[in-house]
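Let's take a walk through this protein together, beginning with the empty space inside it. Keep the 3D view open as you read.

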Amino acid sequence: MLLTELNPILQPAGKQHTSGDFSADELALANRNSGTLLETLQNDITPTGAHYLLNHFDIPYVADSTDWTLSLQGLFDNPVSLSLTDLQALPVISRTVTLECAGNGRRHVTPRWPSQPWSVEAVGTAQWTGTSLRNVLQCAGIKSTCKELIFHGTDRGVDGGEVHNFARSLTPDNALHDHVMLAWQMNGIDLPPQHGYPLRLIVPGWYGMASVKWLSQIEAIDHHFNGYQQVKTYVYRESESDIGTPVTHMRVKSLMVPPGIPDWSSRKRLVGPGTMTLQGRAWSGAGVPIQRVEVGIDDVWHDATLQQGDSAYGWCGWQFDWLATRGKHTVCCRATDANHQTQPLAPPWDTAGFGNNAIHRVEVWCDDF
Ligand SMILES: Nc1nc2c(c(=O)[nH]1)N[C@H]1C(S)=C(S)[C@@H](COP(=O)(O)O)O[C@H]1N2
Ligand SMILES: [Mo]
């Protein structure tokens, strides 16, 4: 059977930008790949079951991790295979890391690329426990001819007519970065199956696609990896013919806990008049701290108070006391990082809707409800 017959709409040739209602395929993807519930932005650590999920293919079934091996292959002096027990005998580290999907915000980029139709909620923070990738790579000895390391997951499927396992590469420099880790726990429990049980990579500061789940092989190669998830997607492109720029670190961004109470289906917010505390989270990529968060009430901006967390790679909290008056209001938040990068008011254009870090806008009705 021709792979292009599988799903003409989602194949490159048949795939086109769209607008208006979501298709059944987009809806089915949204049902599989859940977002963080925005009210959980009150938590420093996203409750484990509320962390967003992005799985391209099926979750591999792993009944028991005792047979799992991580094999290091290719340009290593000492190409070893390690069991989970071998890895767990190495020095254990825990890090609080905010992950965001590069496609977060895609549905607000118009025209829309048919894919996982995230609104704003594909972000979460967890405490990951495992061991330093650098330690493992240094023990195996990366040969000087190595240009990239490929991280292979065991999940397999088709995208763009290509059958492949999910795999991503990093340069040795990026892989040897102090904060990159091999993780087997999330928030103090074994990784849940949907988050990569029994082993995943965590690349702090990068968009989520770099943090390969169900990690079974690290391959050291002497050329540039041209796998589907490395070069066909996760590339910023002006148009489909553009060679583009690879998607790497997260862009500066902030979100708000939606104030008051929701209308069930529109999610618009109802609040009573008086002073209330607006709050949310802000983060950036590459360990760059957040310097400022502003709250916009009907287009007038005010500085929020920041609560920095203790992890360079975890989001920080912000708060602002708002005196709500009767009527309809638009409430926004906008973060700026220490590199003076600020969130744009409107979504930046990208052909596949990657890296949309536009400000979060919430409509609020204030009255005596
Ligand atoms: N093996 C594998 N790893 C993967 C993916 C995948 O589909 N397969 N999705 C990536 C993407 S695009 C994101 S955003 C993050 C999501 O991690 P989470 O589901 O644990 O939040 O995992 C990344 N790692
Ligand atoms: Mo993602």
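Start inside the protein, at the largest cavity, which has a lining of 19 residues. If you want to find its centre, look for L54, R200, G208, S211 and K213, the lining residues that lie nearest to it. The space in this largest cavity comes to about 230 Å³. How many cavities of 30 Å³ or more does a search of the whole structure find? The answer is one. As for the character of the walls, ten of the lining residues are nonpolar, six are polar and three are charged. Rolling a probe the size of a water molecule over the atoms is what shows where such empty space is left.

Before going further, please keep in mind that this is a predicted model. Its mean pLDDT is 96, and 96% of the residues reach 70 or more. Among the elements, strand β9 (residues 200-202) has the highest mean pLDDT, at 99, while helix α1 (residues 24-32) has the lowest, at 96. Where pLDDT is low, the predicted coordinates should not be read in detail.

Now move to the largest pocket, with a volume of about 1300 Å³. Its lining is made up of 37 residues, and those nearest the centre are R107, S119, V120, E121 and R267. Two elements, α1 and β22 (360-366), each give two or more residues to this lining. Of the elements, β22 gives the most, with four residues. Sorted by class, the pocket lining holds 15 nonpolar, twelve polar and ten charged residues. Where does this pocket lie with respect to domain 1 (8-246) and domain 2 (253-366)? Both domains give residues to the lining, so the pocket lies between them.

Finally, have a look at one of the sheets. Five strands form an open sheet, and as you cross it you meet them in the order β2-β1-β10-β5-β6, with mixed pairing. At the edges are β2 (81-83) and β6 (162-170), each of which pairs on one side only. On average, neighbouring strands of this sheet are turned by 25 degrees against each other, direction ignored. For a closer view, follow β5 (residues 148-159) alongside β6: these two strands pair in the antiparallel sense over eight bridges. A handy spot to check this pairing by eye is H152, which stands opposite A167 in β6.

Key
Residues are numbered from 1 along each chain as its sequence is written. Chains are lettered from A and ligands numbered from 1 in the order in which they are written. This is a predicted model: local features need pLDDT of at least 70, side-chain atom pairs count only at pLDDT 80 or more; totals for chains, interfaces and linings use all residues. Side-chain values use heavy atoms; hydrogens and water are left out. pLDDT is the predictor's confidence in each residue, from 0 to 100. On a 1 Å grid over the protein atoms alone, a cavity is a set of points where a 1.4 Å probe fits but cannot get out, and a pocket is an open set with protein on both sides within 12 Å along at least five of seven lines; lining residues have an atom within 4 Å of a point. Grid points are joined across faces, edges and corners, and a volume is the space filled by probe spheres set on the points. Ala, Val, Leu, Ile, Met, Phe, Trp, Tyr, Cys and Pro count as nonpolar, Asp, Glu, Lys and Arg as charged, and the others, Gly among them, as polar. Domain bounds come from an automatic or database domain assignment. Two strands pair if DSSP finds at least two bridges between them. Axes are lines fitted to C-alpha atoms, for helices over the stretch in contact, and angles run from 0 to 180 degrees between N-to-C directions.
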